[in-house]
Amino acid sequence: MIKTLWMFGLLAGLLVQPTFADERADAQDRQDRFIDELLEKMTVDEKISQLRLVSVGPEHPKETLIADIRQGKVGGIFNTVTRPDIRLLQDQVKESRLKIPLFFAYDVTHGHRTAFPISLGLASSWDLEAIGRSGRISALEASADGLDMTFSPMIDVTREPRWGRASEGFGEDPYLTARIAEVLVKAYQGDSLRDPHSIMAVFKHFALYGATEGGRDYNTVDMSAQRMFQDYMPPYKAAVDAGAGAVMTSLSALNGMPGTANSWLLRDVLRQQWGFDGLVVSDHGAVLELMRHGVAADPAAATQMSINAGTDMNMNDDAYLHELKALVDSGKVPMAVLDAACRNVLVTKYRLGLFDDPYLRAGVVADDPADRNAESRLHRADARDIARRSMVLLKNADSVLPLKKSGTLAVIGPLADSQNDIIGSWSAASLPNQAVTVLRGVTEAMGDRGRVLHAKGSNLSNDPLIQQFINAYEVVSPLDPRSPEQMIDEAVAIARQADVVVAVVGEARGMADESGSRASLQIPDAQQALIAALEATGKPLVLVLLNGRPLALGKEHEQADAMLEAWFPGTEGGHAIADVLFGDYNPSGKLPMTFPRTVGQVPLYYNHLNSGRPFRPENRGKYTSNYFDVEHGPMYPFGYGLSYTDFEVSPIRLSSKTLSSGGRIEAQVTVRNMGSRAGETVVQLYLQDKVASISRPVQELKGFRKIALQPGESRDVTFDVGIDALKFFNAALDFQAEPGVFKIMVGLDSVDVRSDEFTLE
Ligand code: BGC
């Protein structure tokens, strides 16, 4: 009886209790009513002003901006990163007629005060927990400085190592990048955007910036719709599905139409097909650049095209501010378009909780940190942990690594003690003087158990073009006035005293940055000469590479005994590198981008089509798809990375050899740690549709699992394969799976795989 009453009570409770869906609908109604009422009150000028996103700087001095804000002429601000500055600007809103709060954005891309590894490094960890942690900490640090929004994640898939911004993305694979996109959007935005510790994610650059022709920045892209949707769009779609609040357009053009004026991208794909209901911001100056692209004759035409195409906010060039009024008056921009764009800005501010409290993140003076750069504000332990997970061991002949903490070690190279470079480009509010260099990390790890000697060995480059580029705006890499010979002589003399030489070489951070496109993928000349001289000493040679793109390392592979790809590992980079070099951490990173043998092979990527005449190793003659003057294939394939232990993967066990369209099959392997050290590795699942209505890639990543194994331990790893993993965009752009035979591959990189087949019925 009691039970029945209790059940009745529960049911009655359920009936009267509002459900989660009801609450969401109510909240949406409240938001809609609020925005509708506000829009009603706004003049055309006030609406236009909301579309203005500006940075304090030479074009917009603080005093001018303050006056503008008082007149309600600014929508959002970026590049202002301290609470007092942000509060000062937000305070001015009180003088405006409608008192609509500003939002504050910044490029928080791989950390804020604490720099984590550059994105390409984060991707190399294949560790979604670690990547998510870096994003969450970034949100905590950025929001604590008063920021509401980050222009991140940058999820442009790229097959172009020449492109400097390859460093800012997560590599060449759509599946891996999409998983990272989801994790970062959720990490930045937290459970609610109204939380003071959450910041809004602005994913970028929509779309296909990473496919820019020849890897030349800001360039053009011409691509089939199949390739676009199959290989480049999935991360953007994943970011939308994960709830990203905003998106930034691409500076590049797609099939002749720049991203900022591309209504097919912004309206048809983004909003209609994918249901995006957030904010679209242009990239920096992208509206006026439509004139140089040759699709708009003047600022008015550029403005008309951009807003009509769906670019809501105009970053920094003020085209909307000056041109929109006349365009609305003449009807060239319908009022409904202006209203929709303005609504998207207001909704963004509402979602960020700024109408309730414009100081939600900027806080009050009393709570400001006494020292904004205080050590206590950094997250060093996480930065070190995440950085060491991002490093990829490329070579380790005769187990020269890990090093012993004894004897004499020579740490040589122009990057060995460079605080500026180790934090990487787009390092937000991170300070180089808080970064740990390799020299410091190794010296601290060695302690008094051995000696650490150092010489710079060379400048980054002897090429005036490169020297001038690196120091174009400020002298970040001062040139050592000594001659190359003098520097090398000193380094060789130091190396001769050592048991092992660690050479820290690669690129200046500015070489792997926006507009940092390179025609060569080699380590610069001066450092090549240094490496050759160090090799000639006959001492064991370990190369630690700091760089932001796949390099052509064929020669260095021959010269060095071991090579560690450390990317630009961030504030704690030097400690993390020392952890790996001395074996306090067993490297577990895997390449998220193919490393070619030479720049001439580019684009070279693992998920390519087969062609009618694929390369056959048994026949190096003519008539196959191949370069005759270089060994075939990559130097290091996608997914590659060594460990200090050996892992063995069993043959694949399939739960069934056939898959029905509604079903799933399980593919299982057993992975065993064959060595004597604990370690982590990434088990990777690839599929190939062997015969389809259009040619399909030789393999595509469809799953991965990072696992940790003790010495001798083995673990079963099971992947569920369902119909979704088999789908692709066919000639009619339908996303579907076709019956037939599929090859399934599981392994520890894209080449070293076990394989089997199954049939989709
Ligand atoms: C870059 C964007 C960045 C913006 C704001 C542009 O030059 O292309 O990625 O978010 O500047 O700093």
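Biologist: How do the residues lining the second largest cavity divide into nonpolar, polar and charged?

Modeller: There are 5 nonpolar, 4 polar and no charged residues. Ala, Val, Leu, Ile, Met, Phe, Trp, Tyr, Cys and Pro count as nonpolar, Asp, Glu, Lys and Arg as charged, and the others, Gly among them, as polar. So Pro484, Met487, Ile488, Ala526 and Ala529 are nonpolar, while Gly457, Ser458, Asn459 and Asn462 are polar. Mind you, this is a predicted model: local features need pLDDT of at least 70, side-chain atom pairs count only at pLDDT 80 or more, and totals for chains, interfaces and linings use all residues. Residues are numbered from 1 along each chain as its sequence is written, and side-chain values use heavy atoms, without hydrogens or water.

Biologist: Why is a space like that called a cavity?

Modeller: Because on a 1 Å grid over the protein atoms alone, a 1.4 Å probe fits at its points but cannot get out; lining residues have an atom within 4 Å of a point. This one has a volume of about 40 Å³, volume being the space filled by probe spheres set on the points, which are joined across faces, edges and corners. H20 (484–496) gives the largest share of the lining, 3 residues.

Biologist: What makes H20 a helix?

Modeller: DSSP runs of H or I with at least four residues are helices, and E runs of at least two are strands, numbered from the N terminus; H20 is such a helix run.

Biologist: What lines the largest cavity?

Modeller: The largest cavity, of about 50 Å³, has Leu687, Gln688, Asp689, Glu700 and Phe742 among its lining residues. S22 gives the most, 3 residues. By class, the lining has 4 nonpolar, 1 polar and 5 charged residues.

Biologist: How do you know how covered S22 is?

Modeller: Buried means under 20% relative accessible area, exposed over 50%, partly exposed in between (1.4 Å probe, protein chains only). In S22 (residues 679–689), 11 of the 11 residues are buried, so each of them falls under that 20% limit. Both faces are covered, with Val683 and Leu685 among the buried residues on one side and Val682 and Tyr686 among those on the other. In a regular strand, side chains alternate between the two faces of the sheet.

Biologist: Why is S22 said to pair with S23?

Modeller: Two strands pair if DSSP finds at least two bridges between them. S22 and S23 (residues 700–709) run antiparallel and share 9 bridges, so they qualify. Leu687 has Glu700 as its bridge partner in S23. S22 also pairs with S27 (residues 740–747), antiparallel over 6 bridges, and there Gln684 is matched with Gly747.

How values were computed
On a 1 Å grid over the protein atoms alone, a cavity is a set of points where a 1.4 Å probe fits but cannot get out, and a pocket is an open set with protein on both sides within 12 Å along at least five of seven lines; lining residues have an atom within 4 Å of a point.
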